[in-house]
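Grab a pencil: here are two short exercises on aromatic rings and burial. Work through each one before you read its solution.

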Amino acid sequence: MFHHALEYAVELEELSANPLDRVKLRRPKTSGEVDRRSVVNPAQGRELLVALTYCGRTRGPMLAAMFACMYFGGLRPAEAAGLREKDCHLPSSGWGLLTLEKTRPQSGKRFTDSGEGFDERGLKHRAEGTTRIVPIPPELVTILRTHLETYGTAKDGRLFRTRTGGVISASAYAKIWKEARTYALTPEQVASPLAARPYDLRHAAVSLWLNAGVHAPEAAERAGHGIDVMLRVYAKCIDGQREIANQRIQAALVG
């Protein structure tokens, strides 16, 4: 508005030029790196998942497994929301597999082809129709098997839904997450960035993989990241790598 007013003053020849045109706004560059203070350890992650089961009569328990997919499988929230029974290989023992193909991002009715609040889309950064295979540990296999036995699926096969079968909204699961944090964390932790958003569970998963020594290409494939992006984003969450690097360099020098 102020810029337009100055432009009008130029038209009236009250000003020779718009002084704002000489002002160059320089936005601070953001690294995109994950704040390591937001990353939970395995004990904290499990405590948060248990706390979700105490949120409401049914909503928290029905969605606890969705959050578990973010933590144990590194799924994005929209990927977890779009997970279908046919996407899951859940053996009675050992590791399972998730074959990710669809996501259910929330866009608003004005921006979807269906006129609904959610669109069914392919995977982020992937061509339409491509899939991503994500191995999942036995702990998550058990969680998903129990979820299916207890709650079944929506009509279209989705594992996670509202009581009426709809897609759970981002605001709804964010509200549940906020409540769960108050049950699982200390007041100081609640006020901190620790697991402040559901997405931070995915950050914790990828950070755990890298800290466990999973090679970057494998971790990137599981997470659906480019290797360069993943290493840049999670650089400060890879703990203890300096000492390991020193030992390897020392061994090479001695050898």
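**Exercise 1.** Work out how many aromatic pairs a search of the whole structure finds, and how the rings of F67 and Y173 sit relative to each other.

*Solution.* Start with the ground rules: this is a predicted model, where local features need pLDDT of at least 70, side-chain atom pairs count only at pLDDT 80 or more, and totals for chains, interfaces and linings use all residues. Residues are numbered from 1 along each chain as its sequence is written, and side-chain values use heavy atoms, with hydrogens and water left out.

Step 1: the search turns up three aromatic pairs (rings of Phe, Tyr and Trp, the last by its six-membered ring, with centres within 6.5 Å; planes under 30 degrees apart are stacked, over 60 edge-to-face, the rest tilted).

Step 2: F67 and Y173 have ring centres 6.2 Å apart and planes at 85°, so they meet edge-to-face.

Step 3: F67 belongs to helix α3 and Y173 to helix α6 (residues 170-184), so to speak a link between distant parts of the chain, 106 residues apart (helices are DSSP runs of H or I, at least four residues, numbered from the N terminus).

Step 4: F67, Y173 and W177 make up one aromatic cluster.

**Exercise 2.** Decide whether F67 and Y173 are buried or exposed, then classify the pair Y71 and F72.

*Solution.* Step 1: F67 has a relative accessible area of 0%, so F67 is buried (under 20%; exposed is over 50%, partly exposed in between, with a 1.4 Å probe and protein chains only). Y173, at 12%, is buried too.

Step 2: Y71 and F72 have centres 5.0 Å apart and planes at 70°, so this pair is edge-to-face.

Step 3: Y71 is buried at 3% relative accessibility, and F72 is buried at 9%.

Note on methods: Helices (H or I, at least four residues) and strands (E, at least two) are DSSP runs, numbered from the N terminus.
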